[in-house]
Amino acid sequence: YLKISKLALAFAIIHSKPPGKTCKEYTEHLAKTVSKQDFGWKSKVEALEAEVLRLRQELLLNKICPRFCLENNASAETLLDQECIDPMSYSSQLEDSGCDVSNDYAFDSLGIASDFHQSEHNVNTSKRWLERVPPLNLCCTGKEESLTVPVQFLQHLLEIRKLSERGIFQADFTELENDSFTICNSVSQLLDGLTIFYNSPKFPVSNLLSEAVCVLISLITDSKLSNHVLKKCFKKLEEFKKNLIQIILRNSSVNRFQALHAVSQTLVLLARNNVLRNSLISLLLSEVRQFAEQLLQAHQIQAMYDIIQYENIFLLCTILEQLLQNETEDGNVSSSDYDGEEKIKFLKNLDQIILHLSDEFPLFSLYLWRVSVLLNSSQIQ
């Protein structure tokens, strides 16, 4: 049937071909016309899906806390007018020479660290909470448009959580269990938007991107909401962490330190959640071990190795060392995954790897040794 259909289509194109055009040219013209129509339908479908998600978000918030939605909608018009008059400000342009690789400076230069710490010290009154949260129907133009809706929805969710904790509103968070689609899609959109930015960061960075990181970290560290998010979005969060690690390893731009340290600090912030921290340590151990084995193999046969990945692997080692150091200092040593299979794989033959690489790659060997010391100290504790 398929062969007959193709043959019939070919004859139809040949018979309807206008004069002055070859069959090939006419076929390409028809293909472009059909593809344009498909693209138009896809755009309409995506717009409708986005609208459906927005409405589901509003419905879910209304089910969780009707009073919050009523009071927030009452001030939405005023806030919308203010947003139109005073659009979102941007952080100042920063010159990155590639020389200063201080974690705190590089991360704070994106405006994320200061915003996150500031969000942890918000005022307690209901009026200030409601004024700080933008209404759900605000729009943002440009590439950040996909981030606007999930950020605002999750902001509202966090504000309801804080206000209910203070007894200002009564909220029923069991509704999150009944609507996994909305929370999953919202978190997925947030993570996809951040991944796009980290893949090709542009400066100055808008406040929306900084707020997106703050919202994500607040969500996974909240005592009540984090369980709902991890239960429904754990695979997506794992994929996000893997993407950030690959962004660090593969970035080959000359002046990349500011962007890469921002990615590394986002990974460190994700580790504030115990479950995500354990899986992140496991991922980092795996990446560092695989690179060490590849480097040893290349060294033994005098083959070329990826110098870009060698330069970037130190950032992963630094993140890993920081996470393990925090574990040791806090005494929070558990039978997590990295204490099992990945830890055994990492420590296996590590002494031999360090011995063979120490002359040619002394700095990398030192980093490997420091990580092994932290792993062994956790085992002793």
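**Exercise 1. Classify C184: is it buried or exposed, and which cysteine sulfur is nearest?**

Step 1. Take the classes: buried is under 20% relative accessible area, exposed is over 50%, and partly exposed lies in between (1.4 Å probe, protein chains only).
Step 2. C184 has 18% relative accessibility, so it counts as buried.
Step 3. Apply the disulfide rule, a pair of cysteine sulfur atoms within 2.5 Å. The count is zero disulfides.
Step 4. C184 is thus in none; its nearest cysteine sulfur belongs to C233, 4.1 Å away.

The model is predicted: local features need pLDDT of at least 70, side-chain atom pairs count only at pLDDT 80 or more, and totals for chains, interfaces and linings use all residues. Residues are numbered from 1 along each chain as its sequence is written, and side-chain values use heavy atoms, without hydrogens and water.

**Exercise 2. Describe how helices α1 and α2 pack.**

Step 1. Locate them. Helices are DSSP runs (H or I, at least four residues), numbered from the N terminus. Helix α1 spans residues 2-16 and α2 residues 23-64.
Step 2. Read the geometry. The angle is about 110 degrees and the axes are 10 Å apart. Axes are lines fitted to C-alpha atoms over the stretch in contact, and angles run from 0 to 180 degrees between N-to-C directions.
Step 3. Name the arrangement. The range 65 to 115 degrees counts as roughly perpendicular, so α1 and α2 are roughly perpendicular to each other.
Step 4. List the contact (heavy atoms within 4.5 Å). From α1 come I13, I14 and S16; from α2 come C23, Y26, T27 and L30. One of these, C23, is partly exposed at 31%.

**Exercise 3. Find where the salt bridges of E177, R256 and R370 lead.**

Step 1. Set the rule: a side-chain nitrogen of Lys or Arg within 4 Å of a carboxyl oxygen of Asp or Glu. The count is 13 salt bridges.
Step 2. E177 pairs with K232, closest N and O atoms 3.4 Å apart. E177 lies in α9 (residues 175-178) and K232 in α12 (residues 225-250), so the pair ties together parts 55 residues apart in sequence. K232 is buried at 18%, while E177 is partly exposed at 36%.
Step 3. R256 meets E311 at 2.6 Å, N to O. R256 sits in the loop between α12 and α13, and E311 in α15 (residues 307-330). R256 is buried at 6%; E311 is partly exposed at 41%.
Step 4. R370 pairs with E321 at 2.7 Å. R370 is in α18 (residues 362-380) and E321 in α15, so parts 49 residues apart are tied together.

Key: Helix = DSSP H or I, 4+ residues; strand = E, 2+ residues; numbered from the N terminus. Parallel < 35°, antiparallel > 145°, perpendicular 65-115°, else oblique.
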